[in-house]
Every structure is written in structure tokens, then in C-alpha cells.
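Okay, thanks for squeezing me in. Let me put this one up on the screen and walk you through the charges first, then a few odds and ends.

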Amino acid sequence: MTTTTSHIPEHVPESEGADGGVAAARPARLIHAESTTEIPVHLLFREEPAAPPAEVKLRPAVVHRPAPDKEDRDTRDIGVRARASAPGVDPEIVERPARVLPGIAGVLAGMCGAAGCAVTAWWAGVLPPLAAEAPGLSAGTGGPGPAQWAAFAGAGALGLFGFGGLARGRTGRAWVLELFGRYRGTVRGTGLLWVNPLLLRRRVDVRLRHWRGEPLPAADRGGVALRVTVLVVWRVRDTARATLGVEDHEGYLRACVEAALLRVPVAAPGAGRGAVQATQDALTRLVAADAGPVGVEVCAVRPLRVEYAPEVAAAMHRRRIAALDARHRAGVIGSVVDSVEDTVARLTMRGLVDLDDYERQVLVKDLTVAFCAGRGETGS
């Protein structure tokens, strides 16, 4: 809307009131295109406190969010696919202690079974002749019957279960027990134990272990091919997942290390300690995240030896020598310039010579040549 302003007159006429008096002069309106409303003075200055405003009920507002861009959707889809592709095993496969008995129980059961077999044999009259002729023993007659066979089978089964379930638990070793393909628990105890002989036992090493692999392919931050030999320190944390959740947990760990070396840029040969430590931390976190779901705890992944791949080793060697030579030349030139500057400054400050610009340039040139020649002879 367009507004117009009028010229302010120098004199504004006064208006007469109803009683014949002269009213106060009012300023002329500046904006004629719009109507203005005067605000009463008593509404601007009020002494008594204003009444609280009435509560107004508001309806819930609906906020319309803009549709995500294609780039945001792609990023979200990539994140979802990355989480979905993370390794995982059956959540029901979790290590739990198995039910075992002390070894003395198995020994007593086995001895009772052996004694029952002996008594049954005496009862059936099938003892050896020397044992039957012993004083106080009178072997039965008539041969073994159904009752003797049943007693002999029961005593033999008790002896077999007693002696067959004896096992020796060792420190750093564990048994994963299965019954007809179903996980029944893990035994981490030591000493003489009795385990149900019907259970299938799988021995698992739970000690802290390490392996040094062969040189594996990798790359630095510049994409130069490398060969890296790593030392992996690890141990089995969950025996059930390491045994039943994956076919070969050691082979799976090696595959995780190879994949991590291809995803993490490795510090180039000759890098500083900080770069090497950063590479080690990144490798350890990545391998631990991949191997954790299968019950393998990774303590450290340390690069032991880093060298260039054979196809780029010669070129990188020449490049490194050239860089060292350039650095050496830059250092020599810097020291020569400092020496020339110091010599000229001393000669001038002590008043030994009074040089103009041309003579100063000649002196600097001669000193530079002399110092460079001396550095060359010293270096050779």
C-alpha cells in the first residue's frame, strides 16, 4: 500500500471550544491515506494491577515437515544397510554354566557298579574257580537267570556311567557340552569332575592368545599399496558363540583382520609414533566390533612391519631419496645464508669495511660461493 505525506505548515490554526475558549493546537496528520486511532491516556498509565488474562485454549498445532531430500534418504538407507549387515548370531546361543558333579561322585558310582557286578556274578555262580573255592563263599548253581542278568546290566551301567563321566578340568580350558545337537552349557571348572557321558564335549581354549599373520595387503592415506604384518591379541570370551555361532572362529578372526586392513588407512613406513598409534587404535576398534558378536574378544591389533608392495617399492624408494636430498639441500642453503648474513653484519657493525650496494652484493656472492664449496667438501 502506498502512503503519501503532506507538507507540514508553519502555523496551525487553533480551534474554538464549546464555551468560546481556545482549544490547544493539534498537530496536523502526517499520513492522510490511512486513518489513525487515538489511544486514551488512562490506558497507558494505570496504577491498579491489571487483571490476569483469560486462559485461552489452544488446539494442537500440526507441523508439516518437508519431505527429506534424496541425499538424506540415501544416507539413511546406507546406515540401515550397514546396521543390517553387521554380523550376528542366534540370541539364544549364550554361554551358561553346565551342571556337573564333583569327581568323587563318579568314583563312588563306578566302584558301586563294579561291586554290584561282582556280587551278581557270585550270585549267578559264574565266579572263577579260585574265587569260588575261597572260604566263606559258596557260588550259586543253575547259571544266571533273568534276575541275575538284570542285576548285572544295572550294575554294569552304573559302573560305566560312574567311570565314563570322569573328566579333568584344566586352567585355561573349557568344554562346550551338547546333547543331540542342543547346547547344554559350558564347563570352566578345574580338577576332577563328573560330566554326563552322553553329552558331546568340545574343548575350547579360553586363554589369552596371539597370532602373527603373513603380510596382508593394505594402503596408506594416499592410496599407495602396502604390505602389513600384524600381531593380534585375542581370547574367547563366549565359548558357546565361538563354537556354535560360527564354523571356525580363528578363521573368522583372520578374515576380519584382512577386511579391516582394507578399510583403515595404514601409516606409511617411517611415520611417527602418533600415526602408528592411531592406526593401531582404529584397527583394534574395527576388528573388535566385527569379532565381538561371535564371542571373540580382541585386545589389540598391532602392525609389526609395514613395507611398500613390490610393484611400488622401487618408485617409493626413489621418491623418498629425492625428498631426503631436497631436505638436505634446503638445510645447507639455509645454513649458508645465515652464515653469510652473520659475516656481513659483523663486518659492517665493527666498521671494518664500508660497502655500498654493489660492493655488498659482490661480497655476499663471494661468501656464498666460498661457504657452499666448504660445505660440499665437508659433506664429501
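So, the acidic side first: Asp354, Asp356, Asp357 and Glu359 come together on the surface as a patch of negative charge. Keep in mind as I go that this is a predicted model. Of those four, take Glu359, which sits in helix H10, running over residues 357-379. Is Glu359 buried, partly exposed or exposed? Its relative accessibility is 37%, so Glu359 counts as partly exposed.

There's a positive patch too. On the surface, Arg96, Arg99, Arg182 and Arg184 gather into a patch of positive charge. Arg99 is in the loop that runs between helix H2 (70-84) and strand E1 (101-102). Arg99 has 85% relative accessibility, so this one goes down as exposed.

Now, salt bridges. Side chains of opposite charge can pair when their charged atoms come close. How many salt bridges does the count come to here? It comes to 10 salt bridges, and I'll go through some of them.

Start with Glu95 and Arg188: they form a salt bridge, and the closest N and O atoms are 2.6 Å apart. Glu95 is in the loop between H2 and E1, while Arg188 is in the loop between strand E4 (182-187) and strand E5 (191-194), so this pair ties together parts that are 93 residues apart in sequence. As for how covered they are, Glu95 is at 22% relative accessibility and therefore partly exposed. Arg188, with a relative accessible area of 39%, is partly exposed as well.

Next up is Arg173 with Asp205, whose side chains meet in a salt bridge at 3.9 Å, N to O. For anyone checking the cut-off, a side-chain nitrogen has to be within 4 Å of a carboxyl oxygen, so the pair makes it in. Where do the two partners sit? Arg173 is in strand E3, residues 173-179, and Asp205 is in strand E6, residues 200-205, so the link ties together parts 32 residues apart in sequence. Both Arg173 and Asp205 are buried.

Third one: Arg237 and Glu297 form a salt bridge, with 2.6 Å between the closest N and O atoms. Arg237 is in the loop between strand E9 (225-236) and helix H6 (239-244), and Glu297 belongs to strand E10 (residues 296-308), so here the parts tied together are 60 residues apart in sequence. Arg237 has a relative accessible area of 47%, so we call it partly exposed. Glu297 is at 26%, so partly exposed is the label there too. And going back to Arg173 for a second: salt bridges that share partners join Arg173, Asp205 and Arg207 into one network.

Okay, backbone people, this one's for you. Most residues other than glycine have a negative phi, and most peptide bonds are trans. Phe180, though, has a positive phi, near 55°, and it's not a glycine. You'll find Phe180 in the loop between E3 and E4. At 81% relative accessibility, Phe180 counts as exposed, so look for that ring on the outside of your cut-off of 50%.

Another loop residue is Asp220, located between strand E8 (216-219) and E9. What does the side chain of Asp220 reach? It gets to the backbone nitrogen of Gly223, at 3.0 Å. Asp220 has just 14% relative accessibility, so it counts as buried.

Last bit, some contacts along the chain. Arg241 is in helix H6, and at 22% relative accessibility it counts as partly exposed. Its C-alpha is 6.1 Å from that of Ile93, and those two are 148 residues apart along the chain.

Then there's helix H9, which covers residues 310-349 and holds Glu341. Glu341 is exposed, with a relative accessible area of 54%. From the C-alpha of Glu341 to the C-alpha of Val364 is 8.1 Å, with the two residues 23 apart along the chain. Val344 is in helix H9 as well, but Val344 is buried, at a relative accessible area of 8%. Between the C-alpha atoms of Val344 and Leu355, 11 residues apart along the chain, the separation is 9.9 Å.

That's what I had, so over to you.

Key: Residues numbered from 1 in each chain as written. Predicted model: local features only at pLDDT ≥ 70, side-chain atom pairs only at ≥ 80, totals over all residues. Heavy atoms only, no water. Patch = residues over 30% accessible without salt bridge, like charges linked within 9 Å, V, L, I, M, F, W, Y side chains within 5 Å. Areas by Shrake-Rupley, 256 points an atom, 1.4 Å probe, with all protein chains shown as cover. Lys, Arg positive; Asp, Glu negative; His and termini not counted. Charge placed at Lys NZ, Arg CZ, Asp CG, Glu CD. Helix = DSSP H or I, 4+ residues; strand = E, 2+ residues; numbered from the N terminus. Buried < 20%, exposed > 50% of the residue type's maximum accessible area, 1.4 Å probe, protein only. Polar contact = N/O pair within 3.5 Å; in protein donor to acceptor, adjacent residues only side chain to side chain.
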